[in-house]
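I opened this notebook page to record what I looked up in the structure, moving from one site to the next.

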Amino acid sequence: MVQKLRPWKTVISLNFDCERPVYRQIADGIIEEIKRGRLVPGTPLPGTRQLAEDLAVNRKTIILAFDELLAEGWLVSVSKKGTFVSEKLPLQATLHRNRKEAPASPGFGFRQAPAEGSPFIPKGKNVITFDDGLPDVRLAPMEELVRSYKRIFQQNARWRMMGYGNPKGTETARTAIAKMLLHDRGLNADKERLCITRGSQMALYLTANTLVEKGDRIAVEDPGYAPAWNTFTQCGAKLVPIKVDSEGMCIDTLEKVCAKTQIKAVYVTPHHQFPTTVSMKIDRRLKLIALSNRFGFAIIEDDYDHEFHFSSKSLLPLASHEHAANVIYISSLSKLVAPAVRLGYIAGPEAFVNAAASLRKMIDVQGDNVMEHAIAELMEDGAIRKHARRAYKVYEERRENMGNKLLEYFGDKVDFRQPSGGLAYWVQLKKQQDTGKLAAKLLQQGVSIIPTEPFSFAGKPLHALRLGYASLTAEELERGLRAMHKLL
């Protein structure tokens, strides 16, 4: 498709006092732009009238320059569409900058954030993707969100949200989230103890960079969430892995570690542990809170998908406990609405939240005010709750179907428990398997899975798979497991 826009900004310098004709100076200037890579093959040039106006010359001068370039093969003319840089440049053309030969690294040092260990994988076209437990965006309340956006822009006072605001987020959104946390999760978090972020990953980043100083020890779950480990490590923390079993993080082991060394914080995913999906039992929760108060460490509670709990009893967050004085609570609405809706939050002691908000202001002055108002409106009028109930039923059915299909296709080749909550299964393979190699083979069959070796703190094989089911229809799930069955 031929581009319609003429984005090139004219930067040719002309000397009207030299002997070289002006039209040739213009032609040579365009050739120089092509050689420098500013005008790549296929780029549309401005019309002769526009270019003549830009350079303050007669249009006939531009026509002469274009004629020269057309004759030399630098430009091509397309009837009724315009003049373009030729796809096949003259053989004598020597480009000043060949992009393919440009150095891969700059000539200065910088800190590279670790890329390994991220569970996020792209969804390719016609690829069945077993993600880490993402919602089905096809269920997102798009019509309600669009209507809310439209209403906001039709308000008489809409101009007020177009300027800078509180780095903690809009008061409307913080009030709505505080009310939700109180009614649904038992947290007495008023709006002043909340900071809205662009998703829970940003909330984790702000928390880590506000809390951690170089050399601090952070206890983490093993296996666990590698992006969190990377975030703490980038802040200069030393990580202390604590084993996870069928009841969550082993708190007795943590207690022994605390008796020997000072721990600054403990990072946990107690509701639906990542990646194993187990829920931390109540006795361990109480002991973890008691240890926090006794040894003075912070608890960073990552409650990344609280809404989707399918057992008869959903445990309240650690942060809701009356003695939980040191809990920093991180969560998000992204999995409830859609991952593209970047709306997470930090709840905690007001002084800490204020410090995190100050850091947030340094890197991102404020969030998306309009989106925050729109989501708050949907929370207030019940649209979010209605969507949650509808999605809950769909995911509950898909969870049941996933369990049945795992038994049908793999039988005694795997061990798994139906997760009490969350949007993924943790499937233990009875036969040792390099999941990285398995992922590569499956991708050739049009199926994408996440290698689980990065979830192990030591990088050792876990011989297990974390298979998200929520974003797959029954037919997609069937196709994916069928392909997996042929390789296992």
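I began with T435, which I found in helix α13, spanning residues 435–444. The model is a predicted one, and I kept that in mind for each entry below.

I then checked the exposure of T435: its relative accessible area is 0%, so I noted T435 as buried, the cut-off for that term being under 20%. Leaving aside residues up to four places away in sequence, I listed the contacts of T435 as I449, P451, T452, E453, A464 and L465.

I449 turned up again when I looked at the nonpolar cores, since the largest of them has 61 residues, and F130 and I449 touch the most other members. To this core helix α12 (residues 383–410) gives the most, with 9 residues. Apart from it I noted another core, of 34 residues, which includes L206, Y267, I300 and F455.

Next I turned to the surface, where Y205, M362 and I363 make a nonpolar patch of about 350 Å². I placed M362 in helix α10, which covers residues 350–363. Is M362 buried or exposed? I computed a relative accessible area of 69% for M362, which means that M362 is exposed, as the cut-off for exposed is over 50%. I set beside this the general tendency in soluble globular proteins for nonpolar side chains to be buried together.

My last entry concerns strands β1 (residues 75–78) and β2 (residues 82–85), which pair in the antiparallel sense over 4 bridges. V78 stands opposite G82 in β2. The two strands, β1 and β2, form a hairpin with 3 residues between them, and K80 in the turn has a positive phi of about 65 degrees.

How values were computed. Residues are numbered from 1 along each chain as its sequence is written. This is a predicted model: local features need pLDDT of at least 70, side-chain atom pairs count only at pLDDT 80 or more; totals for chains, interfaces and linings use all residues. Side-chain values use heavy atoms; hydrogens and water are left out. Patches are made of residues with over 30% relative accessible area and no salt bridge: like charges are joined within 9 Å, nonpolar side chains (Val, Leu, Ile, Met, Phe, Trp, Tyr) within 5 Å. Accessible areas come from the Shrake-Rupley method with a 1.4 Å probe; for residues, only the protein chains shown count as cover. A salt bridge is a side-chain nitrogen of Lys or Arg within 4 Å of a carboxyl oxygen of Asp or Glu. Buried means under 20% relative accessible area, exposed over 50%, partly exposed in between (1.4 Å probe, protein chains only). A nonpolar core is a set of buried Ala, Val, Leu, Ile, Met, Phe, Trp, Tyr and Cys residues joined through side-chain atoms within 4.5 Å. Two strands pair if DSSP finds at least two bridges between them. Contact means heavy atoms within 4.5 Å.
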